[in-house]
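Biologist: I'd like to learn how to read ring contacts and a ligand site in a model. Can we walk through one together?

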Amino acid sequence: MAAELSPIDKAKFAAAKSAVSYIEDGMRVGMGTGSTAAWMVRLLGERIREEGLKITGVPTSSRTADLARQVGINVIGLDEAKWLDLTIDGADEFDDELNLIKGGGGALLQEKIVATASDQMIVIADAAKSVKALGAFPLPVEVVPFGWQTTRALIEEMLVSLDVLGRNTTLRLNGSQPYVTDEGNYIVDLHLNRIGSPRQLGLVLNQIPGVVENGLFIDICDIVIIGGGDGKIEIRDINAGKVTHDQIDFLEDENIFKDLD
Ligand code: 5RP
């Protein structure tokens, strides 16, 4: 099965496998959303089954909650957990300061709340997510449905005075209808191409009435683990100011690949 995975899936798997090794018995763990985070959830389920770890997991979406329950993780809500030891999540982009764009999967609001309520956030990704400047990936902004067109117009007006290279915005759709988040909101994607000052943009966006949250994660992520299709991983730790390398052996994980058949 491992041989049938695409290089990109192997890269995501390798990053997830490395990240799961940071989880210790008794931890309360935030679980992200998306295809990379899904590998982490499966691998955590495997560790719980094989090692008998006592872990409580706080999911960042209904999709992640469903998967976590399927693989045997004890799922609780953030209000029950109150504070988390560690959150592991994917990202759409990260820069050299480990600032992120998230929300490609539409779960940015819960993801930001959960990551902020954690002692540590680890992002898992393939190398394609690494950028010098954020913004090639459209920045998701969650808005309340009431008056969303006015909110979008205000966002566009605000962008005129900010350091960005593009100013198009689109309402995210699910078929012909607006995409609706787990909180019942809409998402407006901002096609900015390059964001000169992510911190300023994030602050200004959240001042607009109707904006619930934006997908810029500034000073939240501690470690990024970048997986390669050959099992090589790079670990960038912003607090320790160091980059280390390791190797994941896919053969050790035949069980989890069988689970997916
Ligand atoms: C979901 C997210 C995801 O982490 C992000 O979109 C990356 O997803 P994937 O791992 O599938 O590339 O922010 O809201």
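**Rings, charges and a ligand**

Modeller: Sure, and keep in mind that this is a predicted model. Start with a charge over a ring: R172 lies over the face of Y179, 5.7 Å from the ring centre.

Biologist: Which ring does the charged end of K10 sit over?

Modeller: That would be the ring of F250, with the charged end 5.7 Å from its centre.

Biologist: Now rings against rings. What describes a pair of aromatic rings?

Modeller: Two things: the distance of the centres and the angle of the planes. For pairing, the centres must lie within 6.5 Å, and planes over 60 degrees apart count as edge-to-face. By this rule there are three aromatic pairs here. Take F13 and W39: their ring centres are 5.3 Å apart and their planes stand at 90°, so this pair is edge-to-face.

Biologist: Where in the chain do F13 and W39 come from?

Modeller: F13 belongs to helix α1 (residues 7-20) and W39 to helix α2 (residues 35-51), so to speak a link between distant parts of the chain, 26 residues apart. Both F13 and W39 are buried. Along with F250, F13 and W39 make up one aromatic cluster.

Biologist: How are the rings of W148 and Y186 arranged?

Modeller: Their centres lie 6.3 Å apart with the planes at 70°, so W148 and Y186 are edge-to-face. W148 sits in helix α6 (residues 148-159) and Y186 in strand β12 (residues 186-191), so the pair ties together parts 38 residues apart in sequence. W148 and Y186 are both buried.

Biologist: Back to α1. Why does the distance between its end C-alpha atoms agree with what we'd expect?

Modeller: Count 1.5 Å a residue: the 14 residues of α1 should span 20 Å, and the end C-alpha atoms are 20 Å apart, so the two agree.

Biologist: And is α1 mostly covered or mostly uncovered?

Modeller: Mostly covered, with ten of its 14 residues buried. Among them are K10, F13 and V20.

Biologist: Last stop, the ligand. How many residues surround the ligand, and which are the closest?

Modeller: There are 17 around the ligand, and the closest are S35, T36, D92, G103 and K129. For polar contacts, check the backbone: an N or O atom of G103's backbone lies 2.8 Å from a ligand oxygen atom. For G90, a backbone N or O atom lies 3.3 Å from an oxygen atom of the ligand, and for G106 the value is 3.4 Å.

Biologist: How much of the ligand does the protein bury?

Modeller: Taken alone, the ligand exposes 380 Å², and the protein buries 90% of that.

Key
Residues are numbered from 1 along each chain as its sequence is written. This is a predicted model: local features need pLDDT of at least 70, side-chain atom pairs count only at pLDDT 80 or more; totals for chains, interfaces and linings use all residues. Side-chain values use heavy atoms; hydrogens and water are left out. Rings of Phe, Tyr and Trp (its six-membered ring) pair if their centres lie within 6.5 Å; planes under 30 degrees apart count as stacked, over 60 as edge-to-face and the rest as tilted. Helices (H or I, at least four residues) and strands (E, at least two) are DSSP runs, numbered from the N terminus. Buried means under 20% relative accessible area, exposed over 50%, partly exposed in between (1.4 Å probe, protein chains only). A charge sits over a ring if NZ of Lys or CZ of Arg is within 6 Å of the ring centre and within 35 degrees of the ring normal. A residue is near a molecule or strand if one of its heavy atoms lies within 4 Å of it. A polar contact is a pair of N or O atoms within 3.5 Å; within protein, one must be able to donate a hydrogen and the other to accept it, and residues adjacent in sequence count only if both atoms are side-chain atoms. Accessible areas come from the Shrake-Rupley method with a 1.4 Å probe; for residues, only the protein chains shown count as cover. The expected span of a helix is 1.5 Å times one less than its number of residues.
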